[in-house]
Amino acid sequence: AFSSLPQVLFFLMPLFAILLKIFYIFKRRLYMEHLMVALHSHSFIFLALLLLTLIGVLRSWASTAAPWLEGLLGLAIFVLAWWIPIYLLIMQKRVYKQGWFFTILKYLTIGLCYTIMVTLGILVALAISVATV
């Protein structure tokens, strides 16, 4: 199932752009512009998840080799995990140039819709991987 997740997220990227197009229908932006925002968002999330994974591995190593470093790495994980949604919110506000109220409302609604889409995509990937085994 994990081997098919990159393909699922690659498939969901244009659907995320369609979701952005629907929510920002009156902004008169082309679909390609929303696709660029989706690509940027996914790239940022993947880079942040890669860093979180690397810091997590380093933290597990530090628990035995350098215990003094474990707390600092835990703080780095905490800060990076919070920076992901904050950055995405700021990016959405800057790209679409709306007020904070509508940006936060759309951010939360789009986030909920995309979470449902990702969950369904993961379930489909899991079903396909179970069916092919």
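**Notes on a predicted helical model**

1. Serine 41 has its place in helix 2. Keep in mind as you look around that this is a predicted model. With a relative accessible area of 5%, serine 41 falls under the 20% cut-off, so this residue counts as buried. What does serine 41 touch, once its neighbours within four places in sequence are set aside? Its contacts are Phe16, Leu88 and Met91.

2. Phe16 is a good name to follow from there. Along with Leu20 and Tyr114, Phe16 is among the residues with the most contacts inside the largest nonpolar core, which has 30 residues. Helix 1 (5-23), helix 2 (31-65), helix 3 (67-96) and helix 4 (100-132) each put in at least two residues of this core. Which helix gives the most to it? That is helix 3, with eight residues. As background, nonpolar side chains in soluble globular proteins tend to be buried together.

3. Tyrosine 114 deserves its own look. Leave out the neighbours within four places in sequence, and tyrosine 114 is in contact with Leu9, Leu12, Phe16, Leu19 and His42. Phe16 therefore turns up twice in these notes, as a contact of tyrosine 114 and as a contact of serine 41.

4. Now for the surface. A nonpolar patch there is formed by Leu72, Leu75, Phe78, Val79, Trp82, Trp83 and Ile86. Together they have about 730 Å² of accessible area. Leucine 75, one of the patch residues, is found in helix 3, the helix that also gives the most to the largest core.

5. Two glycines are worth a click. Glycine 74 is in helix 3 and is buried, at 18% relative accessible area. Its C-alpha atom is separated by 7.3 Å from that of arginine 59, with the two positions 15 residues apart along the chain counted as their separation. Glycine 121 lies in helix 4 and is buried as well, with a relative accessible area of 14%. How far apart are the C-alpha atoms of glycine 121 and alanine 66? They are separated by 40 Å, for a pair 55 residues apart along the chain.

6. Serine 129 is another helix 4 residue. Its relative accessibility is 16%, which is under 20%, so serine 129 counts as buried. A polar atom of its side chain lies 2.8 Å from the backbone oxygen of leucine 126.

7. How many salt bridges are there? The count comes to one. Glutamate 33 pairs with arginine 29 in a salt bridge, and the closest N and O atoms are 3.6 Å apart. Is glutamate 33 buried, exposed or partly exposed? It counts as partly exposed, because its 34% relative accessibility sits between the 20% and 50% cut-offs.

8. Last, a pair of loop residues to check by eye. Most residues other than glycine have a negative phi. Arginine 28, in the loop between helix 1 and helix 2, has a positive phi near 55°. Lysine 97, in the loop between helix 3 and helix 4, has a positive phi near 50°. Arginine 28 is exposed because its relative accessible area of 79% is over 50%. Lysine 97, at 62% relative accessibility, counts as exposed too.

How values were computed. Residues are numbered from 1 along each chain as its sequence is written. This is a predicted model: local features need pLDDT of at least 70, side-chain atom pairs count only at pLDDT 80 or more; totals for chains, interfaces and linings use all residues. Side-chain values use heavy atoms; hydrogens and water are left out. A nonpolar core is a set of buried Ala, Val, Leu, Ile, Met, Phe, Trp, Tyr and Cys residues joined through side-chain atoms within 4.5 Å. Buried means under 20% relative accessible area, exposed over 50%, partly exposed in between (1.4 Å probe, protein chains only). Helices (H or I, at least four residues) and strands (E, at least two) are DSSP runs, numbered from the N terminus. Contact means heavy atoms within 4.5 Å. Patches are made of residues with over 30% relative accessible area and no salt bridge: like charges are joined within 9 Å, nonpolar side chains (Val, Leu, Ile, Met, Phe, Trp, Tyr) within 5 Å. Accessible areas come from the Shrake-Rupley method with a 1.4 Å probe; for residues, only the protein chains shown count as cover. A salt bridge is a side-chain nitrogen of Lys or Arg within 4 Å of a carboxyl oxygen of Asp or Glu. A polar contact is a pair of N or O atoms within 3.5 Å; within protein, one must be able to donate a hydrogen and the other to accept it, and residues adjacent in sequence count only if both atoms are side-chain atoms.
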